[in-house]
Amino acid sequence: MTVTATPRPVAHLSVSGELQEARARTFLLLGPLSDEDLRTQHDPLMSPILWDLGHIAHFEELWLTRNLDGPIEFVEMPGLYNPFEHPRSKRGSLPLPTIEHCREIMEEIRQRVLNRLALVDFGSSNPLLRDGYVYQMVLQHEHQHNETILQTLQLKQGAPYSPTERHQPTPASNPSRRIRPGEMIRFPGGSVEIGTEDRTAAYDNERPLHQVRLHPFWIDLSPVTNAEFERFINAGGYSRREYWSRPGWDWLQGAGVRAPKYWERVDGSWVTRSMDRVGQIEPLHPVCHVCYYEAEAYARFVGKRLPTEFEWEAAASWDPET
């Protein structure tokens, strides 16, 4: 006689697969790194990567075991990986464990999470479980730390980070047809919807859906390009006081920058570095690695201003054809 195993619901298999994929990506990023790379605080704004790993693990334990077993604790985990107890600038001095110990802890917590996942009811009245909300929250949290780790690796001192795998993006067909630098489009204003009522993946600070009234405004059709920002530099934008706000000018005097971070003048041309790749700036790529003050100064240079958060969200979700 044979016994047919009862298949797990598709939702559970999907959540399990997504959690495993995120974890595999986390460790793929770490493949080329030495123990020193993992333990070093490469910039005061970023954590040592070992701290990120411990925080990923204990956040998962907090929300996918402890808060499902008892009363919800609306706090961060206590101790070494609590971001409020240990600000980023201080994390380089913490007694962080080895990468081997981090892996053991992450695997032990993950196994408990997967064992419990098999018994979870996504139709539960528990708001954490309904539609898999808390699992999506933890998944997004690890994705966010993947981004944070990549930011840290771009800031890494010494030999640039060289990834284990590279995926060459498919080049867009004639991007100049889609990117029209400086061209603007008029948003008619009126009452617009901001936020969401989604409770499966959206964070609480993205809710509720609500109405905001906006005045008409013009906004660039495409992001500011490297070529456009280069014109600002060539026109003396970093030395002309009239383009900078008072706090922006104070920041500029202290920072002493004269171009976006990672731009360097070589043989009369601007080159930039992305991880271990160095090459000439791509004229039609959006300008990156500028701060708010630099963006504000550029906007003044071209006789415009930066959009508000509500203007940006309305324009980004707006289809002028309809």
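## Exercises on a predicted model

Helix H4, which covers residues 99-117, gives the most to the negative patch, contributing 3 residues. The exercises below begin with that patch, and they concern a model that is predicted.

**Exercise 1.** Find which residues gather in the patch of negative charge on the surface, and decide whether glutamate 104 is buried or exposed.

*Solution.* Begin with the members of the patch, which are Asp35, Glu100, Glu104 and Glu107, gathered on the surface. Next, place one of them along the chain: glutamate 104 is found in helix H4. Finally, compare its accessibility with the cut-off, for a residue is called exposed when its relative accessible area is over 50%. Glutamate 104 has a relative accessible area of 51%, and therefore it is exposed.

**Exercise 2.** Determine which residues of helix H8 (residues 292-301) are buried, and what they pack against.

*Solution.* Looking along helix H8, one finds that Glu294, Glu296, Ala297, Tyr298 and Ala299 are buried. The partners of the buried residues of H8 are then helix H6 (226-234) and helix H7 (246-255), against which they pack. Just after H8, the chain reaches glycine 303, which takes a positive phi of about 75 degrees.

**Exercise 3.** Work out where aspartate 267 and histidine 289 are found, and what sign of phi each has.

*Solution.* It helps to recall that most residues other than glycine have a negative phi, and that most peptide bonds are trans. Aspartate 267, although it is not a glycine, has a positive phi of about 50 degrees, and it is found in the loop between strand E5 (263-266) and strand E6 (269-274). Since its relative accessible area is 80%, aspartate 267 is exposed. Histidine 289 is likewise not a glycine, yet has a positive phi of about 60 degrees, and it is found in the loop between strand E7 (277-280) and H8. With a relative accessible area of 43%, histidine 289 is partly exposed.

**Exercise 4.** Identify the residues that a cis peptide bond joins, and locate proline 208.

*Solution.* The cis peptide bond joins arginine 207 and proline 208, with omega at about -5 degrees. Proline 208 is found in the loop between strand E2 (190-194) and strand E3 (210-214).

**Exercise 5.** Describe the protein chain as a whole by giving its helices and strands, its span and its share of buried residues.

*Solution.* The protein chain has 9 helices and 7 strands, and its C-alpha trace spans about 80 × 50 × 40 Å along the principal axes. Of its 322 residues, 38% are buried.

Terms used:
Residues numbered from 1 in each chain as written. Predicted model: local features only at pLDDT ≥ 70, side-chain atom pairs only at ≥ 80, totals over all residues. Heavy atoms only, no water. Patch = residues over 30% accessible without salt bridge, like charges linked within 9 Å, V, L, I, M, F, W, Y side chains within 5 Å. Areas by Shrake-Rupley, 256 points an atom, 1.4 Å probe, with all protein chains shown as cover. Salt bridge = Lys/Arg side-chain N within 4 Å of Asp/Glu carboxyl O. Lys, Arg positive; Asp, Glu negative; His and termini not counted. Charge placed at Lys NZ, Arg CZ, Asp CG, Glu CD. Helix = DSSP H or I, 4+ residues; strand = E, 2+ residues; numbered from the N terminus. Buried < 20%, exposed > 50% of the residue type's maximum accessible area, 1.4 Å probe, protein only. Contact = heavy atoms within 4.5 Å.
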